[in-house]
Amino acid sequence: YEIEVGHTVTFTNTTDADGSGSDIVLRPQVPAGFTLKNVTGTGTPWWIHEDDFIIQPDNSVPLPTDQTLYANSSTTMTFRNIYEVNAEAITEEGWKALGTCNPQDPSQGLTTRIDVAGSDGIEPATYSTCTTVTRTKN
C-alpha cells in the first residue's frame, strides 16, 4: 500500500526592501520497508514543473526555489512525499520507531529534512519535519 506525507515551506520577508527566497533540498528519510515513490509540490515558482521533482540516488530532491520576495510578503510551498510500504519488511522495533517522532532523530517516524541554501539576507539552515506511522490491523 501507499502513504502520503505532506509538509509546508514558507519564506517570509519582514523588511521594507524587496529580497528573495532560497533554493531548497528536500531530504526524505526512507526507513526499512519503505520506498520513496514520488515527491510533488504546489505553490512553487512557475518554472518548477512536475518533472523537476527528480528523486536523486540518496533520495534527496533539489529544487531551484530562489525567487523574488517582495517587501513585507511571504510565499508558501506545499510538498507531498508518496511512499510504498512493505509492512512485512518492518520489524516490531521498526514499527515502534515509526510510531514516535523526534524531528532531530531520523530513526523515528517519517522524517524529512529541508535544507535551505544561503542567499542574500538568508542564512543557510536545515529544518526537519516528522510524521508518525502506525500499523493497522486487518
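Let me start with a torsion. About the S-S bond of Cys 101 and Cys 130 it is about -85°, so the disulfide is left-handed. One caution before I go on: this is a predicted model.

Now, what does that bond join? Cys 101 sits in the loop between helix 1 (92-98) and strand 8 (110-116). Cys 130 belongs to strand 9, residues 125-131. The two are 29 residues apart, so to speak of the chain, the pair links distant parts of it. The sulfur atoms lie 2.2 Å apart. How many disulfides turn up in a search of the whole structure? One. And is Cys 101 buried or exposed? Neither, quite: its relative accessibility is 33%, so Cys 101 counts as partly exposed.

Next, the sheet. Three strands form an open sheet, and their order is 1-7-4. The pairing is antiparallel. Look at the edges. Strand 1 (2-13) and strand 4 (34-42) stand there, each with a single partner strand. That is why one side of each has no neighbour in the sheet. From one strand to the next, the twist averages 20°.

Take strand 1 and strand 7 by themselves. Strand 7 covers residues 73-85, and the two strands pair in the antiparallel sense over 12 bridges. Here is one contact to find on screen: Glu 4 has Ile 82, in strand 7, as its bridge partner.

On to the loop between strand 4 and strand 5 (61-63), where we find Ile 55. Ile 55 has 28% relative accessibility, so it counts as partly exposed. Which residues does Ile 55 touch, leaving out those up to four places away in sequence? They are Leu 36, Lys 37, Asn 38, Val 39, Ser 60 and Val 61. Now compare a separation in sequence with one in space. Ile 55 and Glu 84 are 29 residues apart along the sequence, and 14 Å apart in space, C-alpha to C-alpha.

Last topic: backbone angles. Most residues other than glycine have a negative phi. Two asparagines here have a positive one. Asn 59 has a phi near 70°. Asn 59 is in the loop between strand 4 and strand 5. With 23% relative accessibility, Asn 59 counts as partly exposed. Asn 72 has a phi near 50°. Its place is the loop between strand 6 (68-69) and strand 7. Is Asn 72 buried or exposed? Asn 72 is exposed, because its relative accessible area is 52%, and the cut-off for exposed is over 50%.

That's my tour. Thank you.

Notes. Residues numbered from 1 in each chain as written. Predicted model: local features only at pLDDT ≥ 70, side-chain atom pairs only at ≥ 80, totals over all residues. Heavy atoms only, no water. Disulfide = S-S within 2.5 Å. Helix = DSSP H or I, 4+ residues; strand = E, 2+ residues; numbered from the N terminus. Buried < 20%, exposed > 50% of the residue type's maximum accessible area, 1.4 Å probe, protein only. Pairing = 2+ DSSP bridges. Axes fitted to C-alpha atoms, helices over the stretch in contact; angles between N-to-C directions. Contact = heavy atoms within 4.5 Å.
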